[in-house]
Amino acid sequence: MEKYICIHGHFYQPPRENAWLEVIEVQDSAHPYHDWNERITAECYGPNAASRILNDSGVIKNILNNYSRISFNFGPTLLSWLELYDQETYQAILEADKESIKHFGGHGSAIAQVFNHIIMPLANSRDKETQISWGIRDFVHRFNRLPEGMWLAETAVDVETLELLAKHNIKFTILAPRQAKAFRKIGDEAWTTTTSSAIDTKRPYRYTLPSGKTISLFFYDGDISQAVAFNGLLNDGKKFADRLVDSLNKKSEEPQLVHVATDGETYGHHHKHGDMALAFCLDYIERNKNSRLTNYAEFLAKFPPQYEATIHEDSSWSCVHGVERWRSDCGCNTGGKPDWNQQWRKPLRESLDWLRDELIKIYEQQGSLFLKDVWAAREDYINVILTRDDETIRKFLKDHCRTQVQPNQVLRLMEVQRNAMLMYTSCGWFFDEVSGIETTQIMQYACRAMQLVSQIAEINLEEEFLKRLEQAPSNVPTLSTAAQAYAKFVLPAKTNLQRVGMHYAVSSLFEEDPESFPVFNYTTSNDVFLRKEAGEQKLVLGVTNVQSNVTRSEKKFAFAVVYMGKHNIIGNISLDMESDIFASMQVRMVNAFEEGRLGDVIGLMQTYFGPEKYTIWQLFTDEKRKVFNLITQQSMNDLEDSLRRIYNRDYSLVIGLANNDIPIPNAYKTTFEYVLNADLVKCFLSEKINIRLVERIMSEMAKWELKIEDAVKVERLAGESIFKELRRISSEGLNLKRIERLNRLFPLLVKFNLKPNLYKSQNLYFEISNEKHDGQSAEWIKQFNVLGDNLGVKVD
């Protein structure tokens, strides 16, 4: 049998991390999740690692790690996030590649990706080289093998990029069918252009490069890929499988590969339960004896190209105009704002190109003072990015520095170059508006690079950069240009060690263990720390050292912060306060505070630190919210206590009104709704579900016809609680009462139209059902089956 099918998923999220803190700050649009990475992981990346396959009767017959049966690439910046924030999914992806090696003749299904998704034809040669080498090294670091293929961002391609792929021993890449220019059978003289005849996507093609090297090209099936991504083919896993199988030429004896390529997020994020449709499709094809699943590397090893092709240079899969979407107002956009234009794209790219070239000059000039080879050092810097520890940094410095040099001097230079590439992440141009989060994100990287340069060589590039951004028009009337978007959205995020020090000082007012705690990608350590409290008022004094985990730059600060209640915080910080002066200040300020003389405390702060003050508004976004939550929690507790007293005191009165058909005042309904909603949330936040309490609360809500205020939040908490309970059932085995109690929860959820995410619980239930349960009573089996019905799971 020489008929094969391959499904490729391009799993990628743009880097969303704050360019200084290296963490993703809260994104309210992803509610109830912290950010979009977390949300898409819950909807797509996680489910695809354990997706259910149903039979014709809707019974779960297996759970499949989809990644083990498809071809896939994960963006390195996304994998680095998963490694930190979702180890379970991250490990499942790595294990899937190992499983695929066994399944597909020794060839893993994972392929590499250019490092941070830049449009390769628009990059200079050095950046192309680094994007490929960093992508390969990141892949090896994670998958413990060399990649055979590499995904190009937006499949954007030119001959130089293919040359560099071949130079780095990449055997193949994947392109859209419209990127093929001409083809012929190897050995023939005449070429057939794709304007006269469509290319057959069922074959691999050899591309012969000017250097004499070759690389294989796979042109995916455009029609089926379009149907998967946009035309509802994922609504039915069997139809998906049939469409793939039916595309095989039954009469041809030639080896065939029907293959599709889409964004991986199609399977679960863009299309709900798309992971299950994919799992069903994969299972159906594996059971279909007329074809078999494969990946690109296995197919290529079995059937080397018999045809060759040429390409349209500067072409891509998501812009019919080539690569214009990333440098001009070509007309390609999301369609959400038809009256907007993208005239900003060209001046934005030109501004970044200017900045890149200026950064290269500074990098070469400064780097040549102590680096053996500045560009070889950049290639190897990926090792530091992947493992930011002292040993890796020492080795990097030893390998690349020809003289003794402070680590932060070298690391700052290397970070200039890293940010200079991050600022070309393709998403910055993909969408419709220059002030959008994707575009301001890449401007953050530009800002960070310019800040580092100012610290290295005292050169100010920002002034000229902003002049150039003024040529990039915004569609938002209040912003006018990209320069104004930069001022509004980028500059407020800008951070230095002094701001981190002040952030630490303010945060230490509320931390349980303030002696030493990390501030994102900075480390703090105290020489002196003193905290005094008087009622709700607090005073913190200290001397702390703040070090960047990235550049190893560090500074020592003396600080004083006074908290006067609510959100009233005043803080000061000094870089050069001598120890004896600090000690004198400490005695005077503590005495004034303990005697209740807050005015004198503030006066002393001004005397010792000067007039410049910091407030809560200088905190970083996530910590600002954390502190505000702490500050407001007491007020919210007071409010809840007050409403609860009314609820308890007047409950019988409200019952009397209801029994006598007297209208209940809205104030009472609001009080009852607030109290009962608070109680319901607490039920799901506790370690174990108190089902009797949940029943009482929801019975009360039904009686008074009250609503659940934040249904999305309650759904999420309920889903997490159900999974915890099911894990206890799994570990306890014969505990009939626990199953009975859990079953009592589901009718309540249905009554209030709550639909928690149950995929983890469904998968765990399936695993439990496959275990031996000898000795269980008939009632246990009955309740266990009822639990399956409640979870929407049927098992044989």
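**Exercise 1. Helix α14: span and burial**

Task: Compare the end-to-end reach of helix α14 (residues 407-422) with the expected value, then decide whether α14 is enclosed or not.

Solution.
- Step 1. Helix α14 of this predicted model holds 16 residues.
- Step 2. From first C-alpha to last, α14 reaches 22 Å, close to the 22 Å expected at 1.5 Å a residue.
- Step 3. Now take burial. In α14, 14 of the 16 residues are buried, so the helix is largely enclosed by the rest of the structure.

**Exercise 2. The antiparallel sheet around β17**

Task: Give the strand order of the sheet that holds β17. Then say which strands stand at its edges.

Solution.
- Step 1. The order is β15-β16-β17-β18, an open sheet of 4 strands with antiparallel pairing.
- Step 2. β15 (522-534) and β18 each have a single partner strand, so one side of each is left without a neighbour in the sheet. These two are the edges.
- Step 3. From one strand to the next, the twist averages 15°.

Task: Trace the pairing of β17 on both sides, with register and turns.

Solution.
- Step 1. Strand β16 (residues 537-548) runs antiparallel to β17 and is joined to it by 10 bridges.
- Step 2. Fix the register. L539 stands opposite V562, and G542 stands opposite F559.
- Step 3. Inspect the turn. The β16-β17 hairpin has 5 residues between its strands, and R552 there has a positive phi of about 65°.
- Step 4. Cross to the other side. Strand β18 (residues 569-574) is also antiparallel to β17, through 6 bridges. A558 has S574 as its bridge partner in β18.
- Step 5. The β17-β18 hairpin has 5 residues between the strands, and G565 takes a positive phi near 105°.

Task: How many residues of β17 are buried, and which helices lie across this strand?

Solution.
- Step 1. Strand β17 (residues 554-563) is mostly covered, with 7 of its 10 residues buried.
- Step 2. Helix α19 (residues 497-507) lies across β15, β16, β17 and β18, at about 40° to β17.
- Step 3. Helix α21 (residues 598-609) lies across β16, β17 and β18, at about 160° to β17.

**Exercise 3. The mixed sheet**

Task: Order the strands of the sheet with mixed pairing and find its edges.

Solution.
- Step 1. The sheet is open and has 6 strands, in the order β7-β11-β10-β14-β8-β9.
- Step 2. β7 (172-175) and β9 (192-193) are the edge strands; each has a single partner, so one side of each lacks a neighbour in the sheet.
- Step 3. Sort the pair senses. Strands β10 (residues 204-208) and β11 (residues 214-219) are antiparallel over 5 bridges. β10 and β14 (residues 307-311) are parallel over 2 bridges. β8 (residues 180-185) is antiparallel to β14, with 5 bridges.
- Step 4. Use E308 in β14 as an anchor. R206 stands opposite E308, and R184 stands opposite E308 too.
- Step 5. Check the β10-β11 hairpin. Y207 bridges to I215. There are 5 residues between the strands, and G212 takes a positive phi near 100°.
- Step 6. Add the helix. α5 (residues 159-167) lies across β7, β10, β11 and β14, at about 115° to β11.

**Exercise 4. Cores and two buried residues**

Task: Which residues touch the most other members of the largest nonpolar core, and which helix gives the most to it?

Solution.
- Step 1. The core has 154 residues; I7, Y67, F74, F240 and L244 touch the most other members.
- Step 2. Helix α16 (residues 437-457) gives the most, with 9 residues.
- Step 3. A second, separate core has 47 residues, including W704 and L758.
- Step 4. Return to Y67. Beyond four places in sequence, its contacts include F11, F72, F74 and I93.

Task: Are T89 and A110 buried or exposed? Describe their surroundings.

Solution.
- Step 1. The cut-off for buried is under 20% relative accessible area. T89 has 6%, so T89 is buried. A110 has 2%, so A110 is buried as well.
- Step 2. T89 is found in helix α3 (residues 87-103). Its side chain makes a polar contact of 3.1 Å with that of D86. Beyond four places in sequence, T89 touches T41, Y45, G46 and L82.
- Step 3. A110 lies in the loop between α3 and β5 (112-113). Beyond four places in sequence, A110 is in contact with F72, D97, F139, F143 and R145.
- Step 4. A110 and N73 are 37 residues apart in sequence, and their C-alpha atoms are 5.5 Å apart in space.

Methods:
Residues are numbered from 1 along each chain as its sequence is written. This is a predicted model: local features need pLDDT of at least 70, side-chain atom pairs count only at pLDDT 80 or more; totals for chains, interfaces and linings use all residues. Side-chain values use heavy atoms; hydrogens and water are left out. Buried means under 20% relative accessible area, exposed over 50%, partly exposed in between (1.4 Å probe, protein chains only). Two strands pair if DSSP finds at least two bridges between them. A nonpolar core is a set of buried Ala, Val, Leu, Ile, Met, Phe, Trp, Tyr and Cys residues joined through side-chain atoms within 4.5 Å. Contact means heavy atoms within 4.5 Å. A polar contact is a pair of N or O atoms within 3.5 Å; within protein, one must be able to donate a hydrogen and the other to accept it, and residues adjacent in sequence count only if both atoms are side-chain atoms. Axes are lines fitted to C-alpha atoms, for helices over the stretch in contact, and angles run from 0 to 180 degrees between N-to-C directions. The expected span of a helix is 1.5 Å times one less than its number of residues.
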